[in-house]
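Trainee: Could you take a close look at one part of this structure for me, starting from a single side chain and working outwards? I am new to it, so please define each term as it comes up.

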Amino acid sequence: MASSSSFFTFSSQTTLHSHLHRNTFLTKTQFPVPTKSSESNFFGLRLSPSTSRSPLSPCSFKSSIFAKVNKGQSAPDFTLKDQNGKPVSLKKYKGKPVVVYFYPADETPGCTKQACAFRDSYEKFKKAGAEVIGISGDDSASHKAFASKYKLPYTLLSDEGNRVRKDWGVPGDLFGALPGRQTYVLDKNGVVQLIYNNQFQPEKHIDETLKFLKAA
Amino acid sequence: MAVSFQTKYPLRPITNVSRTNRPSLLHVRVTCSATTTTTTKTQPIREKKLVVEKRFVSPPLSNDPTLKSTWTHRLWVAAGCTTLVASLAKSVIGGVGSHLWLEPALAGYAGYVLADLGSGVYHWAIDNYGDESTPLVGAQIEAFQGHHKWPWTITRRQFANNLHALARVITFTVLPLDLAFNDPVVHGFVSTFAFCIMFSQQFHAWAHGTKSKLPPLVVALQDMGVLVSRKQHGEHHRAPYNNNYCIVSGAWNKVLDESKAFEILEMVLFFKLGVRPRSWSEPNSEWTEETDLSSSQA
């Protein structure tokens with residue numbers, strides 16, 4: 001049950017304080033506070049600016065402290081090996097939108113559904129001019145087998161040691177017991193325009209990112 | 001390159017098959033294993049061995065003695081029932097004595113509800129983890145494997161044969177509780193919880209029955225949702241065998257499946273312990289229903 005209607009705004013720390021004073025009372029009365037803390041929730045968390053006043057809950061305040069890559073920021077570059085063992089850098093994709101999706105592991109049910117959903121909609125992403133990259137902590141051999149088995153047409157990168165996951169601040173689930181499932185949409189300048197998190201409804205990542213790309 | 005044959009008789013036979021060696025079908029599984037040995041010369045010799053494992057894989061015929069009840073089975077069922085009756089008696093008598101009826105009744109209802117949940121959790125664990133060599137529960141895992149392969153067999157088992165394993169567990173669990181506690185509310189819970197667990201195999205067998213052959217009362221209870229329905233349990237017996245695990249009333253199945261509770265547990269166990277549940281992989285032939293034989297056996 002993704003609540004795509006749940007919106008939280010993340011702003012930089014310098015503006016956070018002023019927002020908090022203005023909006024805290026609104027937050028408590030008008031918007032439900034998520035039961036989980038700073039970490040992601042299972043039910044779909046879309047992080048994007050809203051045009052109206054943006055309430056901040058104590059939980060989203062905590063989240064902005066821990067999230068390292070936020071909307072509106074330039075995504076930090078990385079170089080990781082793809083499924084063929086070739087090093088691939090994020091900066092290679094500058095000039096076109098990129099969908100970077102972090103997923104827990106190859107050959108798990110949710111990740112397989114998600115990968116196949118990206119595969120099935122890949123033409124739509126290409127039509128929107130976007131590239132798709134999947135990242136997990138599995139090694140290149142695992143990615144190669146996974147990509148081959150499900151005929152995935154896009155790049156899978158091996159984030160061994162989960163270094164990039166940590167650098168980007170992808171939140172875990174169940175108090176860190178599960179690696180989080182979070183997708184970033186970067187514009188052609190490499191700036192993050194959308195962050196979507198949903199652990200147990202993996203296909204929604206495709207719906208949300210395509211919807212965003214089409215509207216952009 | 002030296003090649004040697006090594007024949008193994010392993011595998012303890014599947015529970016459903018008669019132990020008096022009477023396979024009507026013999027499957028031979030051949031695997032290759034490679035070992036490297038060094039000799040006085042500098043280059044190691046690589047030996048390949050063909051390992052031939054014979055496995056008795058025929059389903060039981062309807063007159064198979066392993067489906068019949070023995071006196072040992074009956075004794076265990078009697079013992080289990082005795083402990084249940086004792087617990088129920090303590091609840092009723094204690095309740096009357098204390099002028100309590102609502103609390104023990106509610107506790108009894110809670111026992112019925114939680115037994116369904118417990119049956120699902122246990123079933124999920126046995127279906128997904130371990131194998132015949134797992135301590136304590138290896139034989140049960142093997143039995144569940146056999147059940148997935150030949151689900152109709154459970155309808156051929158005689159009553160005590162079907163229930164005796166659970167009856168033994170109930171006897172060892174409930175007897176100490178009967179001796180230790182007198183509280184009517186505690187026994188209200190214990191008696192119904194234990195009854196539902198012990199008889200879950202009978203509810204399970206009925207869920208594999210055909211409507212025309214089941215007692216009308218059983219059909220009515222299934223249709224009302226008091227007992228797990230044939231349709232709902234049938235959903236469990238489809239690949240990848242990852243849903244509808246509860247077998248008392250089945251009331252928890254919708255909640256557990258829609259909330260993905262077992263999927264969450266499986267993911268946590270995978271990331272924390274590195275164990276993959278069987279339901280994540282394409283079911284292998286050892287755990288898949290043998291449909292070729294089903295029409296002749298049913």
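**A tyrosine and its surroundings**

Mentor: The side chain of Tyr101(A) makes a polar contact with the side chain of Tyr154(A), at 2.9 Å; a polar contact is a pair of N or O atoms within 3.5 Å, where within protein one atom must be able to donate a hydrogen and the other to accept it, and residues adjacent in sequence count only if both atoms are side-chain atoms. Before going further, note that this is a predicted model, in which local features need pLDDT of at least 70 and side-chain atom pairs count only at pLDDT 80 or more, while totals for chains, interfaces and linings use all residues. Residues are numbered from 1 along each chain as its sequence is written, chains are lettered from A and ligands numbered from 1 in the order in which they are written, and side-chain values use heavy atoms, with hydrogens and water left out.

Tyr101(A) belongs to strand β5 of chain A, residues 98-102, where helices (H or I, at least four residues) and strands (E, at least two) are DSSP runs numbered from the N terminus. With a relative accessibility of 0%, Tyr101(A) counts as buried, a word that stands for under 20% relative accessible area, with exposed meaning over 50% and partly exposed anything in between (1.4 Å probe, protein chains only). Leaving aside residues up to four places away in sequence, Tyr101(A) touches, among others, Val132(A), Ile133(A), Gly134(A), Ile135(A), Leu156(A), Gln182(A) and Thr183(A), a contact being heavy atoms within 4.5 Å. The C-alpha atom of Tyr101(A) is also 9.1 Å from that of Tyr196(A), although 95 residues separate the two along the chain.

The contacts of Tyr101(A) also include Gln114(A), Ala115(A) and Phe118(A), and these three are among the buried residues of helix α3(A), together with Gly110(A), Cys111(A), Thr112(A), Cys116(A) and Ala117(A). Helix α3(A) runs over residues 109-120, and its 12 residues reach 16 Å from the first C-alpha to the last, close to the 16 Å expected at 1.5 Å a residue; the expected span is 1.5 Å times one less than the number of residues.

Stepping back to the whole of chain A, there are 7 helices and 9 strands, and buried residues make up 54% of its 216 residues. Among contacts in chain A between residues at least 6 apart in sequence, 71% join residues at least 24 apart.

Two other helices of chain A carry salt bridges, each defined as a side-chain nitrogen of Lys or Arg within 4 Å of a carboxyl oxygen of Asp or Glu. In one of them, the side chains of Arg163(A) and Asp167(A) meet with 3.6 Å from N to O, and these residues are about one helical turn from each other because they lie 4 residues apart in helix α6, residues 163-168. Both ends of this pair are partly exposed, Asp167(A) at 39% relative accessibility and Arg163(A) at 45%. In helix α7, residues 203-215, Lys211(A) and Glu208(A) are 3 residues apart and so again about one helical turn from each other, and the closest N and O atoms of their salt bridge are 3.6 Å apart. Here the two ends fall into separate classes, with Lys211(A) partly exposed at 47% and Glu208(A) buried at 5%. An α-helix has 3.6 residues a turn, so residues three or four places apart point the same way.

Finally, there is the neighbouring chain to consider. In all, 15 residues of chain A are in contact with 10 residues of chain B, and the two chains bury about 1100 Å² between them, 73% of it on carbon and sulfur atoms; buried area is the accessible area (1.4 Å probe) that two parts lose on being put together, summed over both. Between chain A and chain B the count is 0 salt bridges, while 2 residue pairs are in polar contact, both at pLDDT 80 or more. Over all chains, the salt bridges come to 8.
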